[in-house]
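User: I'd like to learn how to read sheets and helix packing. Can you walk me through it?

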Amino acid sequence: MIQQLSITDIRNLSCVSINPSSSVNVLYGLNGSGKTSVLEAIHLLGVARSFRTSRIKPVINHDAEVCTVFGRIGVTSGGSIPVGVSRNLRDETLQIRVSGENLKSTSELARLLPLQVINPDTFRLLEGSPKLRRNFIDWGVFHVKHHDFFPLWKRMQKALKQRNSLLRHGRINGSELTSWNIEFEKAANAIDVLRGDYIQKLTPVFNEVLSELADLGNLSIQYYRGWDRERELHEVLSSGMARDTQSGYTHAGPQRADLRIRIGKGSAVDILSRGQLKLVVCALKLAQGFLYKELQDKQCIFLVDDLPSELDTPNRQKLCRLFQKMNCQTFITCVEKEALEHCWLPETEVKMFHVKHGQVTVTSHENPGQQSIRRAESLEIEHE
């Protein structure tokens, strides 16, 4: 949970400091005011990069060379720890400091502040490339089996890189390729077990969450590991050697894994409407949050960009109620605050921030649900 957030020179946010609610935070304002940049700053604090671009230049204010995000992060043991991330445009350096110490690994930063993003790009999860769905799976495995998964993933990537290099240079007859094949197979099989176990745990949670958002009948999620389920990887690699050699890269393995979403025997992408696909993506993201809480007894933070433009009012309400049920810290952007006014239960703590020309101001408010109750009570008094 973020207890304090300070942003310096992220896009049009030259100097912003806020103390967010531990529950729901709504950032509202006109397009281009800087709402999404606040979410981008939180993402930078959590994984040292933007979710909007792979380049750092557009992220840093055009009048500056360095951008910085500082936060105080609440921990389960009580209290908080200071975390700071800065990116330098001139030499493209990255500095991460946690509790006053330099941190070299972005993976450790990601574990400290687990983030889930729901924005217009997120809805490409089902229609986009398999890489997006692999990233989705690996987010979950990374956060619930970090000490097992991350070393294996690095081993697999190294072995795959070496194998592909040998294939491209035609060096397929020596013992070097055999040794890298063995290393690749061992890491690949272990990763497959972790991914398969995670999807098995995620599936019932996903089904339950989806049932609260939409009735889509016999929709199912199926994990494809990246090679024939009926054959061992070493057999597949051996039989595919000619094709791998010709193309210069490895066709089978965990780097080809996918998550397939089906309605009956057909692809959900070909059957469902755009609105229904968005609800499925939301259910997948929320299911990861619920499962993370169940397995780790911790909360992830949700960054939801421009929710009202993506979902109609009834589905907004359903989604917001699920955030409340998860009891997680959530940051949501919208143009008009009234678009989310009736989405929360009376007991929900909602903090409103008005964003205008790169400035963020806390709006004096009451809980939207409590406002409705007060208006009703006022009408009753007047009637009496």
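**Reading the sheets and helices**

Analyst: Sure. Keep in mind that this is a predicted model. A handy place to start is a single bridge: Tyr224 has Asp258, in strand 10, as its bridge partner.

User: Which strands does that belong to, and how many bridges join strand 9 to strand 10?

Analyst: The general idea is that strands of a sheet pair through backbone hydrogen bonds, parallel or antiparallel. Here strand 9 and strand 10 (residues 258–263) run antiparallel and are joined by six bridges. They sit in an open sheet of three strands, ordered 9-10-11 with antiparallel pairing. Strand 9 (219–224) and strand 11 (266–267) are the edge strands, each pairing on one side only. Helix 3 (residues 130–144) packs on this sheet, where it touches strand 9 and strand 10, and its direction makes about 105° with that of strand 10.

User: What is the strand order in the sheet of six strands?

Analyst: That open sheet reads 2-1-4-5-6-7, again with antiparallel pairing. Its edges are strand 2 (13–18) and strand 7 (101–102), each of which pairs on one side only. Look inside and you'll find strand 4 (residues 66–74) and strand 5 (residues 80–88) paired antiparallel over nine bridges; Gly74 has Ser80 in strand 5 as its bridge partner.

User: And where does the hairpin of strand 1 and strand 2 take a positive phi?

Analyst: At Arg11, with a phi near 50°; that hairpin has two residues between the strands. Strand 1 and strand 2 run antiparallel with five bridges, and Ile7 has Val16 in strand 2 as its bridge partner. Helix 1 (residues 35–47) lies across strand 1 (2–10), strand 2, strand 4 and strand 5, at about 105° to strand 1.

User: Now helices. At what angle do helix 4 and helix 5 pack?

Analyst: Packed helices are described by the angle between their axes and the distance between those axes. For helix 4 (residues 146–168) and helix 5 (residues 175–213), the angle is about 145° and the axes are 8 Å apart. The crossing is left-handed. Residues that meet there include Phe149 and Trp153 in helix 4, and Trp180 and Phe184 in helix 5. By class, this contact has 14 nonpolar, two polar and seven charged residues.

User: Where does helix 5 bend?

Analyst: At Leu202, by about 30°, with a proline, Pro204, following within four residues. End to end, the 39 residues of helix 5 reach 55 Å from first C-alpha to last, close to the 57 Å expected at 1.5 Å a residue.

Notes. Residues are numbered from 1 along each chain as its sequence is written. This is a predicted model: local features need pLDDT of at least 70, side-chain atom pairs count only at pLDDT 80 or more; totals for chains, interfaces and linings use all residues. Side-chain values use heavy atoms; hydrogens and water are left out. Two strands pair if DSSP finds at least two bridges between them. Contact means heavy atoms within 4.5 Å. Axes are lines fitted to C-alpha atoms, for helices over the stretch in contact, and angles run from 0 to 180 degrees between N-to-C directions. A crossing is left-handed if the near helix is turned anticlockwise from the far one by less than a right angle, and right-handed if clockwise. Ala, Val, Leu, Ile, Met, Phe, Trp, Tyr, Cys and Pro count as nonpolar, Asp, Glu, Lys and Arg as charged, and the others, Gly among them, as polar. The expected span of a helix is 1.5 Å times one less than its number of residues. The bend at a residue is the angle between axes fitted to the seven residues ending there and the seven starting there.
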